[in-house]
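Student: I should like a close look at one part of this chain, namely the sheet and what is packed on it. Please describe it in one connected account.

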Amino acid sequence: MKRTAVLFLLLAALLLTACGAAPEAGEPVSSPAADHVLLPDGAQNVVPHDSPGYCGNTVTTVVYHPPEGAGFTKTFSGDDSVALTDLLRFLDYSADRVCNCAPEYTVNTEFGAGYGLSLSQGYARYQGGQIQLTAGQVEEFRQILARVSETD
């Protein structure tokens, strides 16, 4: 009984110590996977924009760098390039809560370089901002990247 009480107090002290003040805007926060919750489909995480109207010759490069190491780099154009560019370009990135998690993908387009994309954690990152994705957006990214990874 005494041992259980001591363990409970120790656990409570550790939890209270781990909880700190909220981070300042733009300050990275340690964020376990539980903090990366997909937004419901229909959530407004895209900034208002006009249709870009560019053609399918937009060039995109995707670098896949998984933690275990066997990644790839693919450069492509066409419909998948345009779709990936549009998905990343118009997200409403915020500097309020940027985690320390490393994204699995880095995407460079003609309209911006250094987009970070994590399908396992469900977020996109760009220029010091980050946004949680919807389940639908993650699925769109997943389909595009699956097609791209199969090309030579």
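Tutor: The account below goes from the chain as a whole to the sheet, then to its helices and aromatic side chains.

The model is a predicted one. The chain holds three helices and eight strands, and along the sequence they follow the pattern α-β-β-β-α-β-β-β-β-β-α. Of the 152 residues in the chain, 36% are buried. Among contacts with a separation of 6 or more, 63% are between residues 24 or more positions apart. The chain exposes about 9200 Å², of which carbon and sulfur atoms supply 57%.

Six of the strands form an open sheet, in the order β3-β2-β5-β6-β7-β8, with antiparallel pairing. Its edges are β3 (72-76) and β8 (129-132), each of which pairs on one side only. On average, neighbouring strands in this sheet are turned by 20° against each other, direction ignored.

Within the sheet, strand β2 (residues 60-64) and strand β5 (residues 105-109) run antiparallel and are joined by five bridges. One residue of this pairing is Y64, whose bridge partner in β5 is Y105.

Two helices pack on the sheet. Helix α2 (residues 79-89) touches β2, β3, β5, β6 (112-118) and β7 (123-126), and its direction makes about 75° with that of β2. Helix α3 (residues 135-149) touches β2, β3, β5 and β6, and its direction makes about 95° with that of β3.

The burial of α2 can be given residue by residue: D80, S81, V82, L84, T85, L87 and L88 are buried. An α-helix has 3.6 residues a turn, so residues three or four places apart point the same way. The cover over the buried residues of α2 includes β2, β3, β5, β6, β7 and also α3.

The aromatic side chains return the account to Y64. This residue forms one aromatic cluster with F72 and Y105; Y105 is also the bridge partner of Y64 in β5. The chain has five aromatic pairs in total. In one of them, the ring centres of Y64 and F72 are 5.3 Å apart and the planes lie at 40°; the pair is therefore tilted, as this class takes in angles that are neither under 30 degrees nor over 60. Y64 has a relative accessible area of 22%, so it counts as partly exposed, since buried would require under 20%.

A further ring is approached by a charged side chain: R89 lies over the face of F111, at 4.1 Å from the ring centre.

Definitions and conventions. Residues numbered from 1 in each chain as written. Predicted model: local features only at pLDDT ≥ 70, side-chain atom pairs only at ≥ 80, totals over all residues. Heavy atoms only, no water. Pairing = 2+ DSSP bridges. Helix = DSSP H or I, 4+ residues; strand = E, 2+ residues; numbered from the N terminus. Axes fitted to C-alpha atoms, helices over the stretch in contact; angles between N-to-C directions. Contact = heavy atoms within 4.5 Å. Buried < 20%, exposed > 50% of the residue type's maximum accessible area, 1.4 Å probe, protein only. Areas by Shrake-Rupley, 256 points an atom, 1.4 Å probe, with all protein chains shown as cover. Phe/Tyr/Trp six-rings, centres within 6.5 Å; stacked < 30°, edge-to-face > 60°. Lys NZ or Arg CZ within 6 Å of the ring centre and 35° of its normal.
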